[in-house]
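Please open the structure in your viewer and keep the selection panel at hand. The tour goes from one selection to the next and says what is to be found at each stop.

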Amino acid sequence: MKKQKLPELFVVAAVLLVIFVILPILLTFASTSATNLFETLIDPEVARSIGLTFLAAGIASALGVLMGLPLAYILARRDFRGKGLIEGLIDLPLIIPHTAAGIALLMVFGRQGVLGKLVRPLGLFFVDTLAGVVVGMLFVSIPLLVNAARDAFKAVDSDLEQSARVDGASAWKVFLTITLPLAWRGVVSGVITMWARGISEFGAVAILAYSPKIVPVLIYEKFQGFGLKAATPIAAILLVIVVLVFFVLRSLAGAIDD
Amino acid sequence: MINKMKTTNKLFALLCLCLAIFGAVSACVAKPKSTIVVFAAGSLMQPFKEIEKAFEAKYPQYDLRMEYHGSIQVMRHVTDLHEPIDIVATADQALIPMLMYATNDPATGKPYANWYASMATNKLAIAYQAKSKYADEITAENWWQILSRPDVRVGLSDPRFDAVGYRQLMVFALAQALYGNDQIFNDFLEGQFTRPINLVDLGDMLIIRIPEILETTGSAHLVMRGSSIALNALLEAGEIDYAFEYESVIKQQGFEMLNLPAELNLGDEAHEANYRRVTVKLDFRRFASVEPVFNGELIRYGLTIPESSPNPEGAARFFAFFYGEDGQKIMADNHHPLIRPIEGDHLELMPDALKGLTGD
């Protein structure tokens, strides 16, 4: 590739930005002693919290696939009145403060909430339960999946789908055998982003389900109640695991694509 | 095409410039105000918000920055996090000598405080709503049975962080002698936490031990939050049926209130000797240098100006306003009257500017 000339200032700005992102993460590790890190690793409270966080984000992402892909596909393939409005609404969870999202969710999923009341007889509760954690994560991260999947579906040539239909394939079959495999990379990247966003959520989950404590809540509580020494090792461990999982998932997605 | 791009670029640059100028201008135009940082117990939130408004209206040159936490957390922000704080108001005055007298500010080598004012009293009570489960059944005699029912959701605040947290446990321990039943404490808490809160009942001495990790179990009917005021919203939303709160807070919020017997509410001077039988201990190192022990005693709020206050003049101004006519009225209107004339510990060490206030 020929080297193109770039504005010099861009390089300066880019370097500053990279430092801005990397420095706090590096310091999180630097300020954690090895013994402290080890003690935290074998702390059952931390292990349980990490497991819970990953599980809840996983369930949220699975629900996101089931509920989000149909909407993403419709938005990619159909033009209808109010489509712009729906696209805007779906993005709302990204914009509103997540504490506000938590309160809104409490009003819907609380024991006295619209949906909470309905499912109460089934023994399904959301405040301070795994279900509440999942709902909080799902709400704030679903736009990421819908947007990524919609763009991926859009990039699939609809003529291809059309000719498959002409050959007699059902709409369902076309989606599963043509569209989804071709849009695979974008969809998977959307799922991974959604999952990661779920793991990092604090505000909405803390209001709806403070306990069982996911890692962001645990870090907050440890910082508030016991100080930096108690909070940083957990943050460091979560960082390592997330980076590892992210890396593995991304390269798996890449491998499938190749 | 190229023309269009240029226009967009220009617009973008203009936008950035506008934002930068807007930020810079608003930073410069805003008159520099003298900041007073107040860290207060959550149960003081409502009256202190009114005081903030009234104070800033009277003294526009000051900017009050209020922060509310559980009372133990308020202390931690001073003695462990070394934050610059001008006024400390806690729901348990005993925390001030226990933590602030006993800890030296590394910057000056002096203790964080050496006096405090006993600002107000309070009583512990149970907040609920008309729609709470068994609301028509609960009385000052049977509340402990109702609160132990597995289908009743009870809000607790965390005894590791908040004064209501350890005080509500004291109530259950003291209730055993009053009702002649030594299972009251266990009936309420058994199976509710992943690690148990234990009570050693020696008759004339009751010792409650709090484990380091305090998390409710999946099937618990108790709901715990970091401070008692965090339970208000849950009670309002119908998420919990009952919560332990201070009388002043229950009245401010307009909840239904179940008054606890004077032997238990930690607010009746005649029973203080009885309250003193109970002690709450933390089974772990909570603070950098001090092992805190919470003793049962009359509820008294404490107020002090930390040695490390970056704005002692502002703090004195606030203190004078608080104990002046406006402050007294706001507190009284919020069902939380100030103790007058000022009482406290080592009041002779108060800043000179405040000494005239003590006698009235």
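## A helix pair in chain A

In this predicted model, begin by selecting helix H3 (residues 44-77) of chain A together with helix H7 (residues 130-154) of chain A, which pack at an angle of about 35 degrees with their axes 6 Å apart. Turn the view until one helix lies over the other, and H3(A) is seen to pass H7(A) in a right-handed crossing. If you colour the residues of this contact by class, those of H3(A) with H7(A) divide into 21 nonpolar, three polar and three charged.

## Where the chains meet

Next, select the contact between the two chains, which takes 13 residues from chain B and 13 residues from chain A. On the side of chain B that touches chain A, strand S9 (residues 222-225) of chain B gives the most, with three residues, and by class this side has five nonpolar, three polar and five charged residues.

## The two domains of chain B

Now select chain B alone and colour domain 1 (34-121 + 299-355) and domain 2 (124-282) separately. The C-alpha centres of these two domains of chain B lie 27 Å apart, and their contact takes 17 residues from domain 1 of chain B and 17 residues from domain 2 of chain B.

For the last stop, stay on the side of domain 1 of chain B that touches domain 2 of chain B, to which helix H2 (45-58) and helix H3 (71-79) of chain B each supply at least two residues. H3(B) gives the most to this side, with three residues, while by class the side has five nonpolar, 11 polar and one charged residues.

Methods
Residues numbered from 1 in each chain as written. Chains lettered and ligands numbered in written order. Predicted model: local features only at pLDDT ≥ 70, side-chain atom pairs only at ≥ 80, totals over all residues. Domains from an automatic or database assignment. Contact = placed C-beta atoms within 7 Å. Helix = DSSP H or I, 4+ residues; strand = E, 2+ residues; numbered from the N terminus. Nonpolar A, V, L, I, M, F, W, Y, C, P; charged D, E, K, R; others polar. Axes fitted to C-alpha atoms, helices over the stretch in contact; angles between N-to-C directions. Left-handed = near helix turned anticlockwise from the far one by under 90°.
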